[in-house]
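Got the model open in your viewer? Let's walk through it one selection at a time.

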Amino acid sequence: MQSLSNTVFERLFALRAHHTTARRELLAGLTTFVTMAYVVFVTPNMLAGTGMDHGAIFVATCLGSAIACFLMGFYANWPVGLAPGIGLTAFFAYTVVGEMGYSWQVALGAVFIAGVLFVLMSLSRVREWIMNSIPMCLRYSMGAGVGLFLGLIGLKSAGIVVPSEATLLTLGSFRDPEPLLGGLCFLLIGVLSFWRVFGAILISILVVTAIGFGIGLVHYEGLVSSPPSLAPTWMAMDIRGALDLSMISVVLAFLFINIFDTAGTLMGVAHRADLIQPDGRIEKLPQALKADSTSSVLGAFLGCPPVTSFVESAAGVAAGGRTGLTAVTVGVLFVLCVFFAPLAAMIPAYATAGALIYVAMLMMGGIARVDWEELTDAIPALVTMIMMPLTFSIANGIALGFLTYTALKLFTGQYRQISLSLYILSAIFLARFAFL
């Protein structure tokens with residue numbers, strides 16, 4: 001039986017050609033899953049305020065992630081796990097629905113449209129043209145800005161930062177248990193990550209939830225049950241509503257963040273998994289890009305925010321994952337997760353807030369690559385990064401950053417550094433602020 005399974009795995013994933021074994025791939029898949037499993041708790045909690053059914057979005061997260069992992073594994077044969085992106089989920093919940101006032105159905109429609117555009121771009125050279133024409137300083141600052149935005153959401157969810165009439169924001173009261181537990185979760189993740197503890201984020205979320213249970217803040221509702229119904233979110237996207245002109249910046253924000261997150265993750269995994277050919281070509285990169293982009297479209301049907309490749313996949317690669325069997329293993333484990341809905345419902349917001357704050361800190365690392373000596377690069381980067389949390393909108397941060405870059409380069413005689421696509425995007429963003 002074992003010989004038969006090895007033969008099947010060899011035929012599907014070419015294990016020997018990638019110098020790996022089925023056992024190593026399965027363990028790598030388990031490693032990747034444990035490092036990213038927090039998403040099945042964080043995503044439903046983040047979307048709870050949009051009006052979406054908690055049980056349905058939990059199932060949609062599990063199944064959307066599983067389908068995406070199967071696509072990546074069987075089609076691209078890459079060891080990459082996928083799930084709804086945390087930054088994109090925050091944008092969906094807190095900006096598009098919360099701050100801009102659109103329904104979650106319209107937001108899902110925007111996710112679908114952005115996903116379709118992403119697929120079309122992956123099938124052509126348009127994606128490469130756009131990526132190559134957007135300055136590096138704006139790419140780095142977009143990731144860092146999403147990190148700051150995510151961090152603010154985490155601090156707010158835990159009650160560590162609260163509204164203030166005098167100063168807009170102020171420190172919450174640490175006499176309350178929620179801010180203390182949220183901060184504890186963040187610190188625990190940092191300590192466990194420093195010591196390279198397997199599944200640091202998931203362990204910390206569960207430990208803080210257990211503490212909440214011990215002091216009466218969390219009530220036991222069981223661990224295993226039949227999966228909740230997917231009906232409340234299945235095919236619920238409002239595509240017509242998302243075609244409104246005012247949604248252009250929203251669709252573009254979903255699209256650009258997904259493009260650059262995916263590019264960074266896949267490039268990093270390709271290097272660590274030895275997928276770079278001697279001539280510099282990356283093995284099956286077009287298939288990996290198509291699998292990633294298609295996942296967002298399929299996820300929208302289920303009710304997911306944009307599904308994207310997770311940087312946590314690097315943990316599985318470090319454990320020896322080299323082929324799509326790693327991704328398929330992650331997908332199978334996500335399918336099994338649908339039976340743990342009661343556990344997901346028990347996880348409190350302050351526990352997942354600690355994870356959000358930690359992920360936010362990691363996302364800000366890219367800002368170190370900006371050339372701070374070149375003011376016409378540094379200023380747009382700072383505008384992009386700072387205006388995302390201050391306007392509580394990723395879309396506004398991107399738009400203002402692009403406009404600042406174009407204006408500074410134009411009026412300092414460096415207009416040759418402005419690409420055609422940047423002129424077009426700046427015109428679109430300027431029209432949005434002027435007329436929408």
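Before the first click, one cut-off: a residue counts as buried when its relative accessible area is under 20%. Keep in mind, too, that you are looking at a predicted model.

**Stop 1: a buried charged pair**

Select Lys409 and show its side chain. Is Lys409 buried or exposed? Its relative accessible area is 1%, so Lys409 is buried. Now add Asp377 to the selection: Lys409 forms a salt bridge with Asp377, and their closest N and O atoms are 3.2 Å apart. Asp377 is buried as well, at a relative accessible area of 17%. Don't go hunting for others, since the salt-bridge count comes to one.

Colour the two helices involved. Lys409 sits in helix 19 (residues 394-411) and Asp377 in helix 18 (residues 375-390), so the salt bridge ties together parts that are 32 residues apart in sequence.

**Stop 2: helix 5 against helix 6**

Next, select residues 86-99, which are helix 5, and residues 104-122, which are helix 6. Their axes are 10 Å apart, and the helices pack at an angle of about 120°. Turn the view until you can see the crossing, which is right-handed. To see what touches what, show side chains for Phe92, Val96 and Val97 on helix 5, then Trp104, Ala107, Leu108 and Val111 on helix 6. What classes of residue make up this contact of helix 5 with helix 6? Seven are nonpolar, with no polar and no charged residues.

**Stop 3: a hairpin**

Move on to residues 161-164 and 168-171, strand 2 and strand 3. These two strands run antiparallel, joined by four bridges. Together strand 2 and strand 3 make a hairpin, with three residues between them. For a landmark, pick Val162 and look across: Thr170 in strand 3 stands opposite.

**Stop 4: helix 9 against helix 10**

Finish with residues 177-194 (helix 9) and 200-214 (helix 10). Here the axes come within 9 Å and cross at roughly 145°. This crossing of helix 9 and helix 10 is right-handed. On the helix 9 side, the contact residues include Leu181, Leu184, Cys185 and Leu188. From helix 10, try Ile201, Ile205, Val208 and Ile211, which are among the residues in the contact. Also worth displaying are Ser193 of helix 9, plus Ser204 and Gly212 of helix 10, which take part in the contact too. By class, the contact of helix 9 with helix 10 has 13 nonpolar, three polar and no charged residues.

Definitions and conventions:
Residues are numbered from 1 along each chain as its sequence is written. This is a predicted model: local features need pLDDT of at least 70, side-chain atom pairs count only at pLDDT 80 or more; totals for chains, interfaces and linings use all residues. Side-chain values use heavy atoms; hydrogens and water are left out. Axes are lines fitted to C-alpha atoms, for helices over the stretch in contact, and angles run from 0 to 180 degrees between N-to-C directions. A crossing is left-handed if the near helix is turned anticlockwise from the far one by less than a right angle, and right-handed if clockwise. Contact means heavy atoms within 4.5 Å. Ala, Val, Leu, Ile, Met, Phe, Trp, Tyr, Cys and Pro count as nonpolar, Asp, Glu, Lys and Arg as charged, and the others, Gly among them, as polar. Two strands pair if DSSP finds at least two bridges between them. A salt bridge is a side-chain nitrogen of Lys or Arg within 4 Å of a carboxyl oxygen of Asp or Glu. Buried means under 20% relative accessible area, exposed over 50%, partly exposed in between (1.4 Å probe, protein chains only).
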